[in-house]
Amino acid sequence: MHMDLIGSNINLHSKARTKEEAILELCDMLEKSGYIRDKKLFHDDVYKREALGLTGMENGIAIPHGESSAALKAGIAVLKTSNPLDWESLDGKPITLVFLLVVPTENRNTAYIKMLGHLAAALAYSDIQKRLSEESDSDKFKEILEMAGGM
């Protein structure tokens, strides 16, 4: 995956205390960087998807996604929190690392499947997950993702 999918949409020092605060912070980043045109609409679409099933994976990672007409281009926003967040997850544990996928409605199938495939490949290894969860530098974080997922 090319790191332009993330661009400047990364905060490894978030003070978010709830899932809601984390998603709002991610939506703010995406709006400021030009990935979405309507923060409220995109936010609502993320929550519609949340209602369909778990986006909390295992080992403190969540991958929510918003397929939305408010999305201007495909991308990923990353948030790491110092506070563990209550989030419905496969292992029942709190979340500290959130990857929000932005999927424009027009090319949802190709954009979404590509991004999710790359992200899943990168996150498939526990050593990669550990390195990402411990990394505090945005550029190094992106490098780890890029090497791990063939991005």
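Which exposed residues does the face of α4 turned away from its buried side carry? The legends below take up this question after a few notes on the model.

The model is predicted, so local features need pLDDT of at least 70 and side-chain atom pairs count only at pLDDT 80 or more, while totals for chains, interfaces and linings use all residues. Residues are numbered from 1 along each chain as its sequence is written, and side-chain values use heavy atoms, with hydrogens and water left out.

**View 1. The two faces of helix α4.** In α4 (residues 126–134; helices are DSSP runs of H or I, at least four residues, and strands runs of E, at least two, numbered from the N terminus), Ile128, Gln129 and Leu132 are buried, that is, under 20% relative accessible area, whereas exposed means over 50% (1.4 Å probe, protein chains only). These buried residues fall within an arc of 100° seen down the helix axis, so they line one face; the arc is that of the directions from the axis to the C-beta atoms. The face turned away from the buried side carries the exposed residues Ser126 and Glu134.

**View 2. Strand β4 and its partners.** Nine of the eleven residues of β4 are buried. Strand β1 (residues 10–14) pairs with β4 in the parallel sense over three bridges, where pairing requires at least two DSSP bridges between two strands, and Ile10 has Val78 of β4 as its bridge partner. With β5, β4 pairs in the antiparallel sense over seven bridges.

**View 3. Surroundings of Leu30.** Leaving aside neighbours within four places in sequence, Leu30 is in contact (heavy atoms within 4.5 Å) with residues including Tyr35, Phe42 and Leu100.
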